[in-house]
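User: Please take me through this structure by question and answer, with the cut-offs stated as the terms come up.

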Amino acid sequence: MAYRTGGYSFGGFMMTPMVKRLLIANVATFVVLLMLPERTWVLEWLAFRPDRVLTRPWGAITYMFVHADLIHLLVNMLVLFFFGPPLEDRWGSREFLRYYLICGMGGVLLSFLLAPGAPIVGASAACYGLMLAFAMSWPDAPIYVWGIFPVKAKYLVGFFFLLTFVQAFGAPGGPVAHMAHLGGLLTGLVYIRADWRPGARLESIKRRVSRIRRPAIVPRNKESQPRSSSWRANDEGELLDAVDRVLDKISTEGMSALTRDERKLLDEVSRRHRTHN
């Protein structure tokens, strides 16, 4: 499977840092488990067991890095290899990893609620979330199935969604965790639609600041302007200067470095923009 879009092509493919680390982590885990004499016991210990969620809570994360066999690993890593880099390039490594893990845990949650049965292993839920995010970002991008048949991303992912839904509710049991796959898709959909990604919110604030700043700090003529209007422009300009400093801080140090007052400032700018609209 390959894809070509206006911004990405397999011929000019560049591996991104977080995708590379995830690939190495999954392959290394598989190789280490393959060499262990007690492989089955360790595999089950790292898997997610809905019936042992209280005694093995780490399984909600570790299950994403262990795979049942080579084919299972290969399929998931191909999805990560092809669909991961453009998303990481657009979102950044931190947001990409956050989304990846949240989709994986969404698969765990749905399995726990609706299919509390056999252990679950593999990165499939997270990878289904990646395919969904790619299709939502580049819906008309042609994906070449087996390198031959071009299918638009939105149609291919739609087909997988319907197939997974039917399998999850129509064919319970078996070695494939269809409910986890469905959980990854649904979690990705809710997460993206709700726009919970911090980077997306920051981009929205930057656009709002840019729109507000143009009329606010470039008055036509100070002498001909009413005094109240001049004061309003000055206040607005100071506010937007402060927002610029906060956004610069986020770019260099991340959201976690913000103080409570700085977070309130971003909320205030967003509130004012919504009020003016």
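The turns below go from the overall fold to helix packing and then to single residues.

User: What kind of model is this, and how are its residues numbered?

Analyst: This is a predicted model, in which local features need pLDDT of at least 70 and side-chain atom pairs count only at pLDDT 80 or more, while totals for chains, interfaces and linings use all residues. Side-chain values use heavy atoms, with hydrogens and water left out, and residues are numbered from 1 along each chain as its sequence is written.

User: How many helices and strands are there in the protein, and what pattern do they follow along the sequence?

Analyst: Helices (H or I, at least four residues) and strands (E, at least two) are taken as DSSP runs and numbered from the N terminus. On that basis the protein has 11 helices and three strands. Read along the sequence, their pattern is β-α-α-α-α-α-α-β-β-α-α-α-α-α.

User: What share of the residues in the protein is buried, and what share of the contacts joins residues at least 24 apart?

Analyst: Buried means under 20% relative accessible area, exposed means over 50%, and partly exposed lies in between, with a 1.4 Å probe and protein chains only. Of the 277 residues in the protein, 43% are buried. Contact means heavy atoms within 4.5 Å, and among contacts between residues at least 6 apart in sequence, the share that joins residues at least 24 apart is 69%.

User: Are α1 and α4 roughly parallel or roughly antiparallel to each other?

Analyst: Axes are lines fitted to C-alpha atoms, for helices over the stretch in contact, and angles run from 0 to 180 degrees between N-to-C directions. Angles under 35 degrees count as roughly parallel, over 145 as roughly antiparallel, 65 to 115 as roughly perpendicular and the rest as oblique. The axes of α1 and α4 lie 9 Å apart at an angle of about 170°. The two helices are therefore roughly antiparallel.

User: Which residues in α1 meet α4, and how does the contact divide by class?

Analyst: On the α1 side the residues are Pro17, Met18, Val19, Leu22, Leu23, Asn26 and Phe30, and they meet Leu70, Leu73, Met77, Leu80, Phe81, Gly84, Pro85 and Glu88 in α4. By class (Ala, Val, Leu, Ile, Met, Phe, Trp, Tyr, Cys and Pro count as nonpolar, Asp, Glu, Lys and Arg as charged, and the others, Gly among them, as polar), the contact has 12 nonpolar, two polar and one charged residues.

User: How is α1 placed against α2, and what is the hand of their crossing?

Analyst: Helix α1 (residues 17–35) and helix α2 (residues 39–46) pack with their axes 8 Å apart and at an angle of about 140°, which makes α1 oblique to α2. A crossing is left-handed if the near helix is turned anticlockwise from the far one by less than a right angle, and right-handed if clockwise. The crossing of α1 and α2 is right-handed.

User: How do α4 and α6 cross, and what is the hand of that crossing?

Analyst: The axes of helix α4 (residues 70–91) and helix α6 (residues 124–137) come within 9 Å and cross at roughly 40°, so α4 and α6 are oblique to each other. As α4 passes α6, the crossing is left-handed.

User: How many residues of α6 are buried?

Analyst: Helix α6 has 14 residues and reaches 20 Å from its first C-alpha to its last, close to the 20 Å expected at 1.5 Å a residue, where the expected span is 1.5 Å times one less than the number of residues. Among its buried residues are Cys127, Leu130, Met131 and Phe134. The helix is mostly covered, and the number buried is 12 of 14.

User: Is Leu23 buried or exposed, and which residues does Leu23 touch?

Analyst: Leu23 is found in helix α1, and its relative accessible area of 15% makes it buried. Not counting residues up to four places away in sequence, Leu23 touches Met15, Met77, Leu80 and Phe81.

User: Is Val42 buried or exposed, and what separates its C-alpha atom from that of Val66?

Analyst: Val42 has its place in helix α2 and counts as buried at 17% relative accessibility. Leaving aside neighbours within four places in sequence, Val42 is in contact with Leu33 and Leu36. Val42 and Val66 are 24 residues apart along the chain, and their C-alpha atoms are separated by 9.9 Å.
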